[in-house]
Amino acid sequence: MNSWALRGTVQQSATFWRATEDSFDMVVIGSGPAGEKAAAQAAYFGRRVAVVEQSRVPGGAAVSNASIPSKTLRETAMYITGFRRRDVYGLSLTLDPEATLAQLRTRTAQVIETMTDAVRVNLERHAIEFVHGRATLGSDRTVHVAVDAGHERVLHGDVVLIATGSRPFRPPDIPFDGRDVHDSTTVLEIDRPFSSIAVIGGGAVACEYASVFTALGMEVTLVAADGRLLSFLDGEISELLAQTFSDMGMRVALGAGKAAVTRDGEVVRITLASGEHITPDKVLFAAGRAGNTEGLSLEEVGVQVDERNRIVVDETFRTSAEWVYAAGDVIGPPALASVSMEQGRVAACYAFGIPFKETVDPIPPFGVYSVPETAMVGLTEEGAAAKGIDYEVGRGWFADNARATIAGATDGLVKVVFRRKDRKLLGVHVLGDLAPELIHQGQAVLNYGGTIDYFIHSTFNVPTESEAYKYAAYDGLQRLQAR
């Protein structure tokens, strides 16, 4: 064989090898909670999977600049300031602002690195190929990945799953500049101490950051357009949270309407609907998130989006293109990392006909990692009333709880909502330390159709905050008898 013939054979072999190497059963775009778990689920059942991520490290926003960093910031702030324990033990700490900020940033970076490594190890454990680059959908079930300047890698996937997540919503009339007006991503980049901040928004992210900054001793104004915080919460819990924030020293401006943010030289001014002006050192705009769908060429392959640019899926998480699935924040509410993980797993099972996970929990818990924390699962009082259910409630206050008293964390309660005729549990709401952990006990009873009698007949360790469930149930029974 002459050299030209040999060269042709080598080239053909290389082309064949590359085509085989770049063919996958599933290509996942995005390595956040939904993407990682979808990929791992498919790979666990023997599918060949690639994950495309535009960041050089896996994990998505949940690990790099959203839920994990903000929760780490909270725990670090609570620890180094001794917040909630200062009054109990009569201690007053004077912290150097520079050192405090440095510790916050250092600890957050450590946790981000640890959790990023955990995602990387999980991908490697399942032999999932990680491809760094920006993805665009192509014809014939392909994903074109811009791996670096001028170079592209084409991946073929029998199934493509989009899990590109979301980012902070940035209205065009807010002067974001990275110096003193921030969103929930850039606020983590602040490297100089400041004394005051205004947080615009009444959702989970706004409440979390506003309360953490308050715990750090800053002057905080929380500006909520609506008349209540966290509109999805039970009304009573929402009111108690706002009152607790005020008791901590935060100014809570409810029903403030749309706030205008303007700049006058080096001064940032917030103007409320009432005409009041606020001039804080920093502004955090935390009102909503937007799905990451730009640049994916969804229209070209027939993937439908709604009026908010969220990908439309059916009950199996399949899009209007038969070979494309989507899961996580990119398809809209509830936009919880926990639910996104389950959506990814279920989507992978449907995509390959794997008889393992066929549904996402219809009653997921919600957790808000503010100070204090709050969580809920099931129906609120308002939700039960809207359904025409004859309901009752029971409350177990942490002020009467031995463990909470010992810990100096007596704010809040466990509240149960139940049907009067048979005491069937309808919803659970917790305000207080460890609320996102405590909520799972109520969730288990709710998912199995139990009644509040479970809490009465169960034995709880004493002292524990979980014991508040028992007293909430007894309180509910007393209310039934009173009627």
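Between which two elements is the loop that holds Ala335? Ala335 is found between β17 and α9, and the legends below return to that loop after a look at the whole chain. Please keep in mind that this is a predicted model.

**Figure 1. The whole chain, with 14 helices and 22 strands.** The radius of gyration is 25 Å, close to the 23 Å from the globule rule for 483 residues, so the chain is as compact as a globular protein of that length. Along the principal axes, the C-alpha trace spans about 95 × 60 × 40 Å. Of the 483 residues, 49% count as buried. If you like contact maps, take those contacts between residues at least 6 apart in sequence: 64% of them join residues at least 24 apart. About 22800 Å² is exposed, and carbon and sulfur atoms supply 51% of that area. For the electrostatics-minded, there are 46 positive and 60 negative side chains, with the centres of the two sets 2 Å apart.

**Figure 2. The loop between β17 (324-326) and α9 (337-352), home of Pro334.** Here a cis peptide bond joins Pro333 and Pro334, with omega about 10°. Ala335 sits in this loop too, and its phi is near 55°, a positive value in a residue other than glycine. With a relative accessible area of 41%, Ala335 is partly exposed.

**Figure 3. A cis bond in the peptide link from Val371 to Pro372.** Omega is near 0° for this bond. Pro372 belongs to the loop between β18 (366-368) and β19 (374-378).

**Figure 4. Ala259 in the loop between β11 (251-253) and β12 (260-264).** Ala259 has 11% relative accessibility and therefore counts as buried, the cut-off being under 20%. Leaving aside neighbours within four places in sequence, Ala259 is in contact with Ile200, Val223, Ile270, Thr271 and Leu272. Gly275 lies 16 residues from Ala259 in sequence, and the two C-alpha atoms are 9.7 Å apart.

**Figure 5. Helix α14 (residues 468-482) and the elements it packs against.** The 15 residues of α14 reach 21 Å from the first C-alpha to the last, close to the 21 Å expected at 1.5 Å a residue. Its buried residues are Ala468, Tyr469, Lys470, Ala472, Ala473, Asp475, Gly476 and Leu480. These buried residues pack against three strands and two helices, namely β20 (391-397), β21 (413-419), β22 (425-431), α12 (435-447) and α13 (453-457).

**Figure 6. Leu434 in the loop between β22 and α12.** Leu434 is not a glycine, yet its phi is positive, at about 65°. Its relative accessible area of 49% makes Leu434 partly exposed.

Terms used. Residues are numbered from 1 along each chain as its sequence is written. This is a predicted model: local features need pLDDT of at least 70, side-chain atom pairs count only at pLDDT 80 or more; totals for chains, interfaces and linings use all residues. Side-chain values use heavy atoms; hydrogens and water are left out. Helices (H or I, at least four residues) and strands (E, at least two) are DSSP runs, numbered from the N terminus. Buried means under 20% relative accessible area, exposed over 50%, partly exposed in between (1.4 Å probe, protein chains only). Contact means heavy atoms within 4.5 Å. The radius of gyration is taken over C-alpha atoms; the globule rule is 2.2 Å times the number of residues to the power 0.38. Accessible areas come from the Shrake-Rupley method with a 1.4 Å probe; for residues, only the protein chains shown count as cover. Lys and Arg count as positive and Asp and Glu as negative; His and the chain ends are not counted. The place of a charge is taken as NZ of Lys, CZ of Arg, CG of Asp or CD of Glu. The expected span of a helix is 1.5 Å times one less than its number of residues.
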